[in-house]
Amino acid sequence: MWHLTIVCTGMVITTISLAGCLIIPTDYYLYYSRKNVTEEALTGIVIGTTTRTEVLMKLGEPDMASQDETEVCYIASKSKAALVGGKSRDIPFIFDYIHFISFERNGLVKTMRLYNRGDDNLDPSHLDPLFRLGGYPIPEPHFSKSPIILPAQRE
Amino acid sequence: MKTRCVKIAAFAVWVMFVFGGCATLPPVPADKNLLNDVVTSGTSREAILLKLGEPSASFESGRILTYRIGKDDDQGYFLMDRLVRWTNTKYSLVLVFDDKGILTKHTLVPVR
């Protein structure tokens, strides 16, 4: 009986290995990603009416911002599939949902766009704002230091 | 001899599994009162900077400051660095000041 079990187990392993890769659909935010930039969260933002202050108070600190603060990005990263076997770099199973918001000089919302990096149908030129803003921050896990204590006032 | 080696190896693996659960990360310095004196209208920007330190971002020439805040259910709040994106970060604290540097609006935005 154990001989049959070993043979069957070996056949299953061989089948999976020879298949190249097994993809299991998933849907969860990655450990370093924010979760508050959903479609529902953006419904209260109105072009030409909502101010930059109101956007920050609603969504919090953006992940990227231009030097002149007329463009901000909020990025949520999700895993849409888990890969078993095969080359992980050949299959884009992590999607970045990039909410790009631009403002007029007076601080009112000018445009809002949602980009999905990881989508093969995405026009690369749509990611130009990200390259202007300097790319991605580095997700190195470490803890913040204690608050900075200013030196005592000199008399 | 071979049987004895296998038994020793199995015992070692068992010990690793049993005591592996005891491994813990060093506790994060947290404070339940970190935000008590901060999120009060009328607080000056200087007082907030003295208590919380450098913000993770600022906008409109310092009129808006943001901090990344983590939270431990037992220990309280702690500050997080923006380099880790939102790892271990629960909230984005947004502080809005008037022209004189006095806090007028604030909000703790849940991000995770």
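**Chains A and B: contact and cores**

Modeller: Start with one pair, and bear in mind that this is a predicted model. The side chains of B:R68 and A:E61 form a salt bridge, 2.9 Å from N to O.

Biologist: How many salt bridges does the rule find across the interface of chain A and chain B?

Modeller: Two.

Biologist: And how many residue pairs in polar contact?

Modeller: The count is 14 between chain A and chain B, with both residues at pLDDT 80 or more.

Biologist: Which elements of chain A give two or more residues to the side that touches chain B?

Modeller: α2 (52–59) and β3 (71–84). α2(A) gives the most, with six residues.

Biologist: What is that side made of, by class?

Modeller: It has 17 nonpolar, seven polar and eight charged residues.

Biologist: How much area do the two chains bury between them?

Modeller: About 3,000 Å², with 59% of it on carbon and sulfur atoms. Chain A brings 32 residues to the contact and chain B brings 35.

Biologist: Switching to cores. How many residues are in the largest nonpolar one?

Modeller: It has 20. A:I45, A:V55, A:L59, A:Y74 and A:I101 have the most contacts inside it.

Biologist: Which elements give two or more residues to this core?

Modeller: From chain A, α2, β3 and β4 (94–103). From chain B, β1 (57–59) and β4 (91–97). α2(A) gives the most here, with four residues.

Biologist: What is A:I45 in contact with, leaving aside neighbours within four places in sequence?

Modeller: A:T50, A:V55, A:K58, A:L59, A:I101, A:V109 and A:M112.

Biologist: What other core lies apart from the largest one?

Modeller: One of 15 residues, including B:L34, B:V38, B:L65 and B:L103.

Notes: Residues numbered from 1 in each chain as written. Chains lettered and ligands numbered in written order. Predicted model: local features only at pLDDT ≥ 70, side-chain atom pairs only at ≥ 80, totals over all residues. Heavy atoms only, no water. Contact = heavy atoms within 4.5 Å. Buried area = accessible area lost by both parts, 1.4 Å probe. Salt bridge = Lys/Arg side-chain N within 4 Å of Asp/Glu carboxyl O. Polar contact = N/O pair within 3.5 Å; in protein donor to acceptor, adjacent residues only side chain to side chain. Nonpolar A, V, L, I, M, F, W, Y, C, P; charged D, E, K, R; others polar. Core = buried A, V, L, I, M, F, W, Y, C linked by side-chain atoms within 4.5 Å. Buried < 20%, exposed > 50% of the residue type's maximum accessible area, 1.4 Å probe, protein only.
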